[in-house]
Amino acid sequence: MALAVAACMSASAQSSIFNNPDNRAYFGIRVGGDVTCPGKFKMDNFSYKAFDNGGGVEFGGIYNIPVVANFYIEPGLKLYYDTYSADVTEFDDFDDPFDVSIKIKKFGMRIPVMAGYHFDFTDDIKVSVFTGPELEVGFSAKGSVKALDFETTESIYGDDGMNRVNLLWGVGAGISYSNFYFGVNGGIGMLNMMKESDVKFHENRVTFSLGYNF
């Protein structure tokens, strides 16, 4: 009898890992630290890595919707502030070198729609993997240039500037302990951010997130 009860409990635990009968929809808040990863500028057979990786933050919420077994859909809405920069050396008319510092600062919103699966090892510990598209819309973006005694800041959006809209493909993993959440995800930029059609430039990102699920 004891062996039969133990066998049933073991089968139930293994079943919950892949199909937890207690699944329910819930809201969650997320705050994250971004590592911005601007790509290379590409034109014909020429490519140039102009910008270094930068940093940023995001804040927002998600809504987790169970679909079948432990498979779920998770739309979200987040605000972000990201930066990246470049330090280059230029030469004046007399071939004398001087340093030029360029910094990009962007503020906007993100709308991720992730599809994922979680593995419920205990009532409190769950591990999830997910992937899906993420729409990014810029509200403002400033580019500042500083060289010698000259400094200027202006919007980088415009007819010959950068696009406001980006579409990234996200992939990541997370772990939940009780109501607390920690996750890591990367976003691969799929759209050309330059309005000049001959020049290709993509923005990518890695985000480390903390959260709380209600």
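**Close-up 1. The largest nonpolar core of this predicted model has 13 residues.** Phe51, Tyr84, Ile104, Ile156, Met162, Met194 and Phe201 are the members that touch the most other members. Methionine 162 is a good place to pause. Leaving aside residues up to four places away in sequence, Met162 touches Tyr84, Ile156, Met194 and Phe201. The list of Met162 contacts also takes in Lys106, Tyr157, Met193, Lys195 and Glu203.

**Close-up 2. The second largest pocket holds about 340 Å³ of space.** Its lining counts 20 residues, and Phe51, Ile102, Ile104, Ile156 and Met162 are the closest to its centre. Phe51, Ile104, Ile156 and Met162 will be familiar from the list of core residues that touch the most other members. By class, the lining of this pocket has 15 nonpolar residues, along with three polar and two charged ones. Strand 5, strand 6, strand 7 and strand 8 (150-155) each supply at least two residues of the lining. The largest share, three residues, comes from strand 5.

**Close-up 3. The largest pocket has a volume of about 520 Å³.** Here the lining has 23 residues, and those nearest the centre are Tyr26, Lys126, Ser176, Ser178 and Asn213. Strand 1, strand 4 (54-68), strand 5 and strand 7 are the elements that give two or more residues to this lining. Strand 7 provides the largest share, with three residues. Sorted by class, the lining divides into 10 polar, seven charged and six nonpolar residues.

**Close-up 4. The largest cavity encloses about 210 Å³.** Let us turn to the enclosed spaces. How many cavities of 30 Å³ or more are there? The count comes to two. The largest cavity is lined by 17 residues, and Glu74, Lys78, Met114, Phe130 and Asn185 lie nearest its centre. Two or more lining residues come from each of strand 5 (71-91), strand 6 (97-120), strand 7 (125-147), strand 10 (180-189) and strand 11 (203-213). In this lining, seven residues are nonpolar, five are polar and five are charged.

**Close-up 5. The second largest cavity has a volume of about 120 Å³.** Of its 15 lining residues, Thr36, Asp82, Glu136, Glu203 and Asn204 are the closest to the centre. Glu203 also appears among the contacts of Met162. Which strand gives the most to this lining? Strand 5 does, with four residues. Strand 1 (26-38), strand 6, strand 9 (165-177) and strand 11 are also among the elements that each supply at least two residues. By class, six of the lining residues are charged, five nonpolar and four polar.

**Close-up 6. Strand 6 pairs with strand 5 and with strand 7.** Strand 5 and strand 6 run antiparallel and are joined by 19 bridges. To follow this pairing in the model, find aspartate 87, whose bridge partner in strand 6 is serine 101. Strand 6 and strand 7 are antiparallel too, and 19 bridges join them. A handy landmark for this second pairing is lysine 103, which stands opposite serine 144 in strand 7. These two strands, 6 and 7, form a hairpin with four residues between them. As you trace along a strand, keep in mind that in a regular strand the side chains alternate between the two faces of the sheet.

Key: Residues are numbered from 1 along each chain as its sequence is written. This is a predicted model: local features need pLDDT of at least 70, side-chain atom pairs count only at pLDDT 80 or more; totals for chains, interfaces and linings use all residues. Side-chain values use heavy atoms; hydrogens and water are left out. A nonpolar core is a set of buried Ala, Val, Leu, Ile, Met, Phe, Trp, Tyr and Cys residues joined through side-chain atoms within 4.5 Å. Buried means under 20% relative accessible area, exposed over 50%, partly exposed in between (1.4 Å probe, protein chains only). Contact means heavy atoms within 4.5 Å. On a 1 Å grid over the protein atoms alone, a cavity is a set of points where a 1.4 Å probe fits but cannot get out, and a pocket is an open set with protein on both sides within 12 Å along at least five of seven lines; lining residues have an atom within 4 Å of a point. Grid points are joined across faces, edges and corners, and a volume is the space filled by probe spheres set on the points. Ala, Val, Leu, Ile, Met, Phe, Trp, Tyr, Cys and Pro count as nonpolar, Asp, Glu, Lys and Arg as charged, and the others, Gly among them, as polar. Two strands pair if DSSP finds at least two bridges between them.
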